Amino acid sequence: MNLAQLPVLEQAIFVLAALALLASFALLAQTRLTASIHSFAWQGAVVALLTALVATVGEIHHLYLSALLTLSLKSLLIPWMLHRLVRRLDMEREVETIAHPALVVLAGAGLVVFSYWVALPIERLELASTRNIVAVSLSVVLLGLWMMVARRQVVAQVLGFMSMENGLFLAAVASTRGMPLVVELGVAFDVLVAAVLFGVFFFHISESIESLDVDRLNRLTEDEGGS
Amino acid sequence: MGDFLSPAGWLLALVQALLFALGAPLLAGWIKRIKSRLQNRRGPALLQPYRDLYKLLGKKAMVAHSASPLFRAAPYIVFGSTLVAVAAIPLLAVSLPTAAVADMIVLVGFLALARFFLALAGMDVGTAFGGMGASREMLVSALAEPAMLMAVFTLAMSAHSTNLSSVMQFNLESGLILRPSFLFALLGLVLVAIAETGRIPVDNPATHLELTMIHEAMILEYSGRHLALMEWAAQLKLMLYGVLIANLFFPWGIATRLTLPALGIGLLAVFLKLMLLGLLVAVAETVLAKMRLFRAPQYLNLAFLLTLLGLFSHIIMETGT
């Protein structure tokens, strides 16, 4: 397949997929809480726009609905909820220190290579012109997972979890032109409920250890943690 | 290609290098002027850099007692290698004889040569500032060079050539295509260019504040014609990156045939592109604040990541089976 032979709209789909990958890296490397929530919102918006474009190119009308759902949930509602939580916990200016930022990002780049290698056999299936995006969406999933491993801040881990869902949605849109609407609605609802539950957990964690750094959950006694 | 290797082609290449050398101070003056206007200052006249250079060239060069011959030779080497690097870049027309001689890797090599001697000269006299500036410059460039090469490779993989004018011709022929890899390479190259030319988030070209300067610290001991050559080389480098970004990613307007109207359009196009780029640089310098030096590796890490993503997205999404 040659990119130059595709119509402009399909080229734009590839650009948006690449931007979603960039947003994943921005999430991974961003140490400021509010800025990472913004990155997550941008990723949601990019994925929603990509879905709308796929709907236009493939003339699949129910995808417009899922695009709208993604836009309203993942780029507006959930970021807004997280923002409110962060404001209420008084952590707007919180900056997390990542131990080896360059290594974390390079390992992320390694994950992209890995997911490309994994997706190669899938690409050979004659699916559609968007099949190359499978590798990108797999790397978005893996990067979200890696973010949950590498970061210690609870909010950052939740963002990693949510961006994994973005990756899965991207894969569904790119490879099979979207899931059935019932499934999509269910998943969206799940994510929303998860966001609410995570909010409750934030409060509990911050009440019991007075911080959202989950590394402090490893310590057993109060005075060790309090020092 | 045939008529480009003719004497007229060589003449045009010479004219082009001269245009580069004469236009570089103008670009620096333009950026300075816009920046002052944005900050509600009147700012120096547009031709002030020429006057500065003229004045410095007429002055006697003072050299410290502890300076070795390398200190005297360095300005000529720095200016010479920057000028040669500049001559290899298509400014008005593609496939000139000089462009056929040198490709992007040679270009990076010439810039590295200039930087090497600049850093050596900074350390030569033995003042604290010179050594500090040299070590900082090496820190920045050691991190910027891989990112730049990565961006270059991304372009080269699309165009199947590392030759600058071939890449430009490839872009001209394929028309406007939204390539994610080019987008990332462009962003990465812009970040690298800002770091390499010592513009604001990394280094402040207008400061002589000891603790923060990089480029100014290295040329602190120079005066007279030596200083003029060093500053001229820095201006040349700024224009080099500007033309590189403008003509590689937006080559429209550049002359592909050796006729007078085509060359005129090429000149006008590159002039407008550089004016626009200078405007963007001035706005960015007004809006942004200088980073701490220890943030510079993070900044360049971002540039490297962007160019790496460009390479990845080329391999994943643009080649295909």
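## Ground rules

A cavity here is a set of points, on a 1 Å grid over the protein atoms alone, where a 1.4 Å probe fits but cannot get out; lining residues have an atom within 4 Å of a point. A volume is the space filled by probe spheres set on the points, with grid points joined across faces, edges and corners.

This is a predicted model, with local features needing pLDDT of at least 70 and side-chain atom pairs counting only at pLDDT 80 or more, while totals for chains, interfaces and linings use all residues. Residues are numbered from 1 along each chain as its sequence is written, chains are lettered from A in the order in which they are written, and side-chain values use heavy atoms, without hydrogens or water.

## The largest cavity

Search the whole structure and you get three cavities of 30 Å³ or more. The largest cavity comes in at about 100 Å³. Its lining draws two or more residues from each of α3 (62–88), α6 (154–176) and α7 (181–209) of chain A; helices are DSSP runs (H or I, at least four residues) numbered from the N terminus. α3(A) chips in the most, with five residues.

Among the lining residues are L69(A), K74(A), E165(A), F169(A) and E184(A). By class the lining has six nonpolar, two polar and three charged residues, taking Ala, Val, Leu, Ile, Met, Phe, Trp, Tyr, Cys and Pro as nonpolar, Asp, Glu, Lys and Arg as charged, and the others, Gly among them, as polar.

## A closer look at α7(A)

With 29 residues at 1.5 Å a residue, α7(A) should span 42 Å (1.5 Å times one less than the number of residues). Its end C-alpha atoms are 41 Å apart, which agrees.

Buried residues of α7(A) (under 20% relative accessible area, 1.4 Å probe, protein chains only) include E184(A), A188(A), V191(A) and F202(A). α3 and α6 of chain A are part of what covers the buried residues. Right after α7(A) sits E210(A), with a positive phi near 55°.

## Over in chain B

The second largest cavity has a volume of about 50 Å³. M104(B), L107(B), M148(B) and L244(B) are among its lining residues, and the lining as a whole is nine nonpolar, no polar and no charged. α6(B) gives the most, with three residues.

## E94(A) in its loop

E94(A) lies in the loop between α3 and α4 (101–123) of chain A. Beyond its neighbours within four places in sequence, E94(A) has contacts (heavy atoms within 4.5 Å) with T31(A), R32(A), L33(A) and Q153(A).

Technical notes: 1 Å grid on protein atoms, 1.4 Å probe; cavity = no way out; pocket = protein on both sides within 12 Å on 5 of 7 lines; lining within 4 Å. Buried < 20%, exposed > 50% of the residue type's maximum accessible area, 1.4 Å probe, protein only.
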